[in-house]
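Me: I work at the bench and want to learn how to read a structure. Can you take me through it feature by feature?

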Amino acid sequence: MRLNIKDLVDAKGLNKHQFGQLIQVGYTAACNLYNGKTERIYFDTLERICIVLECTPNDIIVSDNPQLIEDEVSAELN
């Protein structure tokens, strides 16, 4: 799984500093989110990102291999 925030921030015409201010995180955290270099994200931060970028979590959190995940879930259920 990875974060797809960079394209959404760029489409809004925001820089990393503005993005960080709007979602109420520090510059370093905003850069990490922007660059997809974070391992966890709090729900309140995710909610603020969705509001600022006018998107849903599905637009932000992207699976690198959705078929693999689907296969693993199916195997667990059987």
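Reply: Start with burial. A residue counts as buried when its relative accessible area is under 20%. One caution: this model is predicted.

Me: How does Leu46 score, buried or exposed?

Reply: Leu46 has 9% relative accessibility, so Leu46 counts as buried. Leu46 is in helix H4.

Me: What does Leu46 touch beyond its sequence neighbours?

Reply: Set aside residues within four places in sequence. Leu46 is then in contact with Ile41, Pro57, Ile60 and Ile61. Take Ile60: it is 14 residues from Leu46 along the chain, and their C-alpha atoms are separated by 8.8 Å.

Me: Which other residues of H4 are buried?

Reply: The full list is Thr45, Leu46, Arg48, Ile49, Cys50, Val52 and Leu53. Their cover includes H1, H2, H3, helix H5 (57–60) and strand E2 (61–62). After H4 comes Glu54, with a positive phi near 50°.

Me: An arginine is in that list. What is the relative accessible area of Arg48?

Reply: The value is 19%, and the cut-off for buried is under 20%, so Arg48 is buried. Next, look for a partner to its polar side chain. A polar atom of the Arg48 side chain lies 2.6 Å from the backbone oxygen of Ile23. Outside the four-place window, Arg48 is in contact with Ile23 and Gln24.

Me: Ile23 takes me to H2. How do I read a helix with buried residues?

Reply: Begin with the general idea. An α-helix has 3.6 residues a turn, so residues three or four places apart point the same way. Now the case here. H2 spans residues 16–23, and Phe19, Gly20 and Ile23 are buried in it. Viewed down the H2 axis, these buried residues fall within an arc of 100°, so they line one face of the helix.

Me: What covers the buried residues of H2?

Reply: The cover includes helix H1 (6–11), helix H3 (27–34) and helix H4 (43–53).

Me: And the ends of H2?

Reply: Check side chains at the start and phi at the finish. At the start of H2, a side-chain oxygen of Asn15 comes within 3.0 Å of the backbone nitrogen of His17. Just after H2, Gln24 has a positive phi of about 65°.

Me: Now pockets. How much space lies in the largest pocket?

Reply: About 180 Å³. Next, ask what lines it. The lining consists of Val25, Ala29, Asn32, Leu33, Thr38, Glu39, Arg40, Ile41, Tyr42 and Thr45. H3 gives the largest share, three residues. Then sort by class: five nonpolar, three polar and two charged residues.

Me: Thr45 lines the pocket. Is Thr45 buried or exposed?

Reply: Thr45 is buried, with a relative accessible area of 8%. This residue sits in helix H4. Leaving out residues up to four places away, Thr45 touches Ile23, Val25 and Leu33. Val25 and Leu33 also belong to the pocket lining.

Me: Last feature: contacts across the sequence. Which residues is Leu3 in contact with?

Reply: Place the residue before you list its partners. Leu3 is in strand E1 (residues 2–3). Its relative accessibility is 16%, so Leu3 counts as buried. Beyond four places in sequence, Leu3 is in contact with Leu33, Gly36, Thr38, Ile60 and Ile61. Compare sequence and space too. Leu3 and Asp59 are 56 residues apart in sequence, yet 8.8 Å apart from C-alpha to C-alpha.

Methods. Residues numbered from 1 in each chain as written. Predicted model: local features only at pLDDT ≥ 70, side-chain atom pairs only at ≥ 80, totals over all residues. Heavy atoms only, no water. Buried < 20%, exposed > 50% of the residue type's maximum accessible area, 1.4 Å probe, protein only. Helix = DSSP H or I, 4+ residues; strand = E, 2+ residues; numbered from the N terminus. Arc of directions from axis to C-beta. Contact = heavy atoms within 4.5 Å. Polar contact = N/O pair within 3.5 Å; in protein donor to acceptor, adjacent residues only side chain to side chain. 1 Å grid on protein atoms, 1.4 Å probe; cavity = no way out; pocket = protein on both sides within 12 Å on 5 of 7 lines; lining within 4 Å. Points joined across faces, edges and corners; volume = space filled by probe spheres on them. Nonpolar A, V, L, I, M, F, W, Y, C, P; charged D, E, K, R; others polar.
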